[in-house]
Amino acid sequence: MKVLLAIWADPRTYLSTVFMAQGLSTRGIDVDLVYRKPNKELDVFGDVNFGSNTRHHPIGGRHSGWRDKIDYLTYIIKLILIVWRKRPDVIIGYNKLGLLASFVVTQFFPKIRLIYHNYDFDISSLQDILGRCELVAARNADLIIFPALGRSEEYKSIAGLKREPMSVLNCYPLSYSVKKTGELNKILESKGLSFDRLVIRLGMIGPFHGIEATFRSMPKWKGNWGFIMGGFAPETYLKEINQLVEELGLGDRVLILPSVSNSLWYDILSSGDLGISLYDPDPFNLSHKYMAGTSQKLNGYFVTGIPSIVPNTPDFFSFVEQYGTSKLVDVSNSGSIAQAVNSFLGDTEEYDRYSKNVRKAFQSEFNFEKQFEPVFKWLNSLKVK
């Protein structure tokens with residue numbers, strides 16, 4: 001079997017794309033990964049293993065405006081040519097633009113099975129021309145995958161899907177090893193910072209993530225605990241939060257890393273004692289309504305066995321009640337966040353109990369093998385036919 005993965009983005013930042021490529025490769029399946037070439041000036045992530053049987057096809061650049069549209073058209077044309085040469089059995093289109101490019105390909109090669117794997121969707125964006133084209137393509141996909149059950153149900157209703165979408169969470173493999181490199185300690189030492197415990201937050205740095213409330217909670221933290229925040233951030237937002245840190249006098253307790261390599265990312269994960277995974281209600285992003293179990297932040301904490309702080313939304317309430325891995329907080333209330341941090345880091349017995357629950361949940365449910373088993377069964381059914 002041959003499978004082609006099509007994503008109009010840097011695939012290294014998407015856990016499920018990385019591990020899907022690895023999983024297919026270890027099963028002896030030939031994989032072609034066709035993706036948007038990252039901007040060299042902003043490319044600090046480093047090498048990522050996509051599997052020994054995976055061939056890489058970077059296309060385009062990081063342009064904006066009309067040049068970006070030309071890049072995308074070039075991407076579609078080259079994708080058609082790659083499919084013509086490789087003749088895959090299945091093509092997986094990630095997110096809207098990966099799906100649309102893949103759908104175009106299947107119009108030239110109708111025997112190829114089409115899978116749509118969606119990570120995020122904005123209801124309002126489904127109303128424009130590209131959004132309506134996405135709905136048409138989704139209705140014609142042989143399999144649709146969403147990273148949360150709630151999202152799949154909402155999308156099925158909106159799109160009028162005849163097939164039942166599959167829900168697959170963004171999780172790490174059971175065998176995944178997070179390496180401690182010492183990079184974070186060197187950075188802390190260079191800035192003269194030293195902490196007894198570390199609260200960490202990894203992922204996109206931007207609005208609607210409880211970041212401001214987390215900073216405002218820090219004066220109420222009761223120990224020598226530092227806050228490490230790593231990820232990519234828009235310059236305007238980065239300026240705003242740096243100003244807030246200065247206003248609150250937190251310069252000696254906060255480390256913001258807006259440019260994080262792959263090795264530093266995992267060094268931060270392996271060094272953390274408590275994870276922050278907060279989401280404000282976002283009127284433009286339905287995904288924030290359904291984040292329990294699928295958040296890449298949360299699953300990063302799962303693989304390292306540390307408890308976390310999550311929003312008290314209905315989705316997370318059910319999740320915490322079932323697995324006991326996290327504490328619920330009011331995202332808009334800095335006092336609520338501070339109380340959770342103090343409770344975790346000030347009580348060793350409680351902390352150990354939650355950590356044990358995290359490890360148990362990872363082993364039993366929140367791992368790549370468990371989540372992607374239905375996808376591989378679906379692919380195996382094609383071989384039988």
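Which helix gives the most to the lining of the second largest pocket? Helix 11 does, with six residues. The close-ups below come from a predicted model, and they start with the sheet before coming back to that pocket.

**View 1. A six-stranded open sheet with parallel pairing.** Reading across the sheet, the strands come in the order 10-9-8-11-12-13. Strand 10 (254–257) and strand 13 (326–329) are the edge strands, and each pairs on one side only. From one strand to the next, the twist averages 25 degrees.

**View 2. Strand 12 beside strand 13.** Here strand 12, residues 308–311, pairs with strand 13 in the parallel sense, over four bridges. Look for isoleucine 309, whose bridge partner in strand 13 is lysine 327. Helix 11 packs on the sheet here, touching strand 12 and strand 13. The direction of helix 11 makes about 150 degrees with that of strand 13.

**View 3. Helix 6 across three strands.** Helix 6 covers residues 183–190 and lies across strand 8 (197–202), strand 9 (225–230) and strand 10. Its run is at about 120 degrees to strand 10.

**View 4. The second largest pocket, with a volume of about 320 Å³.** Its lining is made up of 17 residues, and Leu149, Leu169, Ala292, Asp315 and Phe319 lie nearest the centre. Helix 5 (149–159) and helix 11 (314–323) are the elements that give two or more residues to this lining. By type, the lining residues divide into nine nonpolar, six polar and two charged.

Note on methods. Residues numbered from 1 in each chain as written. Predicted model: local features only at pLDDT ≥ 70, side-chain atom pairs only at ≥ 80, totals over all residues. Heavy atoms only, no water. 1 Å grid on protein atoms, 1.4 Å probe; cavity = no way out; pocket = protein on both sides within 12 Å on 5 of 7 lines; lining within 4 Å. Points joined across faces, edges and corners; volume = space filled by probe spheres on them. Nonpolar A, V, L, I, M, F, W, Y, C, P; charged D, E, K, R; others polar. Pairing = 2+ DSSP bridges. Axes fitted to C-alpha atoms, helices over the stretch in contact; angles between N-to-C directions. Contact = heavy atoms within 4.5 Å.
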